[in-house]
Amino acid sequence: MVEDVVTPTGPYRLRLMCRTGRWRASLPAGGVAEGWQRADGRVVVRAPDAESLSLARFMLALDDDTRPFHARFATDPLLGPSARALVGYRPLRLPTVAHALLRACCGQLIEARRARALERIIIRACGAGEVVTQDALRRVAPVELRRLGLGQHRATALSRIVRTLELERLRDHPTSVVRARLEREPGIGPWSVGVVALEGLGRYDHGLVGDLGLVKLCAALWGRWPEAGETEALLTPYGEWAGLAGEILMLGWSRGLVPGADRDAPRRIRQRRAA
């Protein structure tokens, strides 16, 4: 094992990202990486080798500087209270872009718990342990993905993308190009691109557009169920920080930090819609 003690770039609070304050993740090359934050703020990272250590730093977002985000939006009427309270939060990342794409395909239109269960089932079918690679996904036919529980359009899109596109090379392209390419596929929309951007590419300039959490937040703010595309409009003012803003807003709402967001409004609106 190789160990490094890293001073994060900018404010960093691992306990905001991991409930236990200790991070552990499987790696594509085998083995696991671990991380925890010391009282002095530095983060201890362990991995099997130097290459895995570098990947672990990426997955932990240790080298991102989010100070400009918090400074810029500390007084924002909507985001400000959450941005001030959650300084040091950063979304954790997955070890491969392929894994992020699989998570995106599994997570569309279903609750998070069911999505993660489906994700684990497909990863086991890939024989990939806890990490999925593009090569592993290529070995699973669309019909098998459908049998495992993935919808037909999503199974077809996932299989076609992993067979025609080198996913890890998406890191070399701006998010606008990545979005345009992925959204050519039926079944891949802005939400899926957001998952790939945040968890696969480690970028903050595209949010989880259409995420159920953001939909509920919009309903809580506006007293009505939002129309398609309105969650993207909610994030647009935050520009290159839209992805991080969406994450901070949802986390802040769960803690009662979003002004004017009635926690019970989504339930009442759903009841009226169902009546």
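Helices are DSSP runs of H or I with at least four residues, strands are runs of E with at least two, and both are numbered from the N terminus. I started from R181, which is found in helix α9.

**Entry 1: ground rules**

I am working on a predicted model, in which local features need pLDDT of at least 70 and side-chain atom pairs count only at pLDDT 80 or more, while totals for chains, interfaces and linings use all residues. Residues are numbered from 1 along each chain as its sequence is written, and side-chain values use heavy atoms, with hydrogens and water left out.

**Entry 2: R181 and E185**

I asked whether R181 is buried or exposed. I take buried as under 20% relative accessible area, exposed as over 50%, and partly exposed as in between, with a 1.4 Å probe and protein chains only. R181 counts as buried because its relative accessibility is 16%. I then listed its contacts, a contact being heavy atoms within 4.5 Å. Leaving aside neighbours within four places in sequence, R181 is in contact with T164 and L165.

E185 sits in the loop between α9 and α10. Its relative accessibility is 7%, so E185 counts as buried. With neighbours within four places in sequence left aside, I found E185 in contact with A157, R160 and I161.

**Entry 3: helix α10**

I went on to α10, residues 190-201, and found this helix mostly covered, with 11 of its 12 residues buried. Among the buried residues are W191, E199 and L201. What do the buried residues of α10 pack against? I noted α1 (50-59), α4 (97-107), α9 (175-182) and α13 (242-254). After α10 comes G202, which has a positive phi near 70°.

**Entry 4: the sheet**

I traced an open sheet of four strands in the order β1-β4-β3-β2, with antiparallel pairing. Two strands are taken to pair if DSSP finds at least two bridges between them. The edge strands are β1 and β2 (22-26), each of which pairs on one side only. On average, neighbouring strands of this sheet are turned by 15° against each other, direction ignored.

I then went through the pairs one by one. Strand β1 (residues 2-6) pairs with β4 in the antiparallel sense over five bridges, and V5 stands opposite V44 in β4. Strand β3 (residues 32-37) pairs with β4 in the antiparallel sense over four bridges, and V45 in β4 is the bridge partner of G35. Strands β2 and β3 run antiparallel and are joined by five bridges; R24 stands opposite E34 in β3.

I checked the cover of β4 (residues 43-47) and found four of its five residues buried. The hairpin of β3 and β4 has five residues between the strands, and G41 takes a positive phi near 95° there.

**Entry 5: nonpolar cores**

I looked up the nonpolar cores, each a set of buried Ala, Val, Leu, Ile, Met, Phe, Trp, Tyr and Cys residues joined through side-chain atoms within 4.5 Å. Which members of the largest core, of 56 residues, touch the most other members? They are W23, V45, F69, L79, L217 and L249. Helix α13 gives the largest share of this core, eight residues.

I followed L79 further: not counting residues up to four places away in sequence, L79 touches F69, F73, Y238, A245, I248 and L249. Apart from this core lies another, of 31 residues, which includes L101, C126, V132 and V140.

**Entry 6: α11 on α13**

Helix α11 (residues 212-222) packs with α13 at an angle of about 65°, and their axes are 10 Å apart. Axes here are lines fitted to C-alpha atoms, for helices over the stretch in contact, and angles run from 0 to 180 degrees between N-to-C directions.

I listed the residues on both sides: G213, L214, K216, L217 and A220 in α11 meet G246, L249, M250 and W253 in α13. By class, this contact has six nonpolar, two polar and one charged residues. The classes count Ala, Val, Leu, Ile, Met, Phe, Trp, Tyr, Cys and Pro as nonpolar, Asp, Glu, Lys and Arg as charged, and the others, Gly among them, as polar.

**Entry 7: V143**

My last look was at V143, which lies in helix α7 (residues 142-148). V143 is exposed because its relative accessible area is 54%. V143 and T156 are 13 residues apart in sequence and 8.5 Å apart in space, C-alpha to C-alpha.
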